[in-house]
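I am opening a notebook on a structure that is new to me. These are my entries, in the order I looked things up.

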Amino acid sequence: MVEPAKPKKSAAHAACTCGSLRKASRRISQFYDTALAPAGIKSTQFSILSEVERGSIAGPVTMCELASAMVMDRSTLGHNLRPLERDDLVVLRQARHDRRKRYVELTAKGKSLLPRARQLWRRAEDRFERIFGKDPAAELRAVLLDIANNRDLDSQPLR
């Protein structure tokens, strides 16, 4: 008697979550980097500038606050801030009351760049939603934000 063939696992079930996410992240970064090229910035830089603007509504944002909001460690954030400082888009200032605390602020050039970059970003978002659908794109963002905000995934040694 011949046994029926076992159903093959779908590629999504067989794939590694981390590897799949990294591949998708690289593809999306390339997509948005291309869209933002006319503004002269990359997608990570746009995200940082936007977060600085958002965080500074109540006052200047600290390096620690920005790193936390970006889900980055401070050294990675510092590495990503250097070209933004070099290009005069942000400035880092030491707090007067605590020399260990540093604030990240948009410069006038950074503030003037954001509207153009935001327009390019919006076009890329619209294109992404046309390709994948508005609802699936919103669902994807929700899942990704759930992952980014899940404290159970904080770095801890496995037991």
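The entries below go from the overall fold to single residues.

**Entry 1: the fold**

I note at the start that this is a predicted model. I counted the elements and got seven helices and three strands. I then read along the sequence and wrote down the pattern α-α-α-β-α-α-β-β-α-α. Next I looked up burial: of the 159 residues in the protein, 26% are buried. I also checked the contacts with a separation of 6 or more, and 47% of them join residues 24 or more positions apart.

**Entry 2: helices α6 and α7**

I turned to helix α6, residues 108-132, and helix α7, residues 134-149. How do their axes cross? I found an angle of roughly 110°, and the axes come within 7 Å. Angles of 65 to 115 degrees count as roughly perpendicular, so α6 and α7 are roughly perpendicular to each other.

I then listed who meets whom. From α6 come E125, F128, E129 and F132. From α7 come K134, P136, A137, L140 and R141. I sorted the residues of this contact by type and got five nonpolar, four charged and no polar ones.

**Entry 3: E125**

I picked one residue of that contact, E125 in helix α6. Is E125 buried or exposed? I found a relative accessibility of 14%. Buried means under 20%, so E125 counts as buried. I looked up its partners, leaving aside neighbours within four places in sequence, and found Y32 and R141. R141 is also among the α7 residues that meet α6.

**Entry 4: the largest pocket**

I looked for pockets and noted the largest, with a volume of about 2,400 Å³. How many residues line the largest pocket? I found 44, and S25, M70, L144, L145 and A148 lie nearest its centre. The elements that give two or more residues to this lining are α2 (17-36), α3 (43-55), α4 (63-70), α6 and α7. Which of them gives the largest share? I found that α2 does, with twelve residues. I sorted the lining by type as well: 21 residues are nonpolar, 13 are polar and ten are charged.

**Entry 5: two positive phi angles**

I went through the backbone next. Most residues other than glycine have a negative phi. I marked V71 because it is not a glycine and yet has a positive phi of about 55°. V71 is in the loop between α4 and α5 (74-86). I checked its surface too: V71 has 56% relative accessibility and so counts as exposed.

D88 went on the list with a positive phi of about 60°, and D88 is not a glycine either. I placed D88 in the loop between α5 and β2 (90-94). How much of D88 is accessible? I found a relative accessible area of 43%, so D88 is partly exposed.

**Entry 6: T62**

My last stop was strand β1, residues 61-62, where T62 is found. T62 has 8% relative accessibility and therefore counts as buried. What does T62 touch? Not counting residues up to four places away in sequence, I found K101, R102 and Y103.

**Entry 7: for a later look**

I will come back to two places. One is the contact of α6 with α7, where buried E125 touches R141. The other is the largest pocket, where α2 gives twelve residues to the lining.

Terms used:
Residues are numbered from 1 along each chain as its sequence is written. This is a predicted model: local features need pLDDT of at least 70, side-chain atom pairs count only at pLDDT 80 or more; totals for chains, interfaces and linings use all residues. Side-chain values use heavy atoms; hydrogens and water are left out. Axes are lines fitted to C-alpha atoms, for helices over the stretch in contact, and angles run from 0 to 180 degrees between N-to-C directions. Helices (H or I, at least four residues) and strands (E, at least two) are DSSP runs, numbered from the N terminus. Angles under 35 degrees count as roughly parallel, over 145 as roughly antiparallel, 65 to 115 as roughly perpendicular and the rest as oblique. Contact means heavy atoms within 4.5 Å. Ala, Val, Leu, Ile, Met, Phe, Trp, Tyr, Cys and Pro count as nonpolar, Asp, Glu, Lys and Arg as charged, and the others, Gly among them, as polar. On a 1 Å grid over the protein atoms alone, a cavity is a set of points where a 1.4 Å probe fits but cannot get out, and a pocket is an open set with protein on both sides within 12 Å along at least five of seven lines; lining residues have an atom within 4 Å of a point. Grid points are joined across faces, edges and corners, and a volume is the space filled by probe spheres set on the points. Buried means under 20% relative accessible area, exposed over 50%, partly exposed in between (1.4 Å probe, protein chains only).
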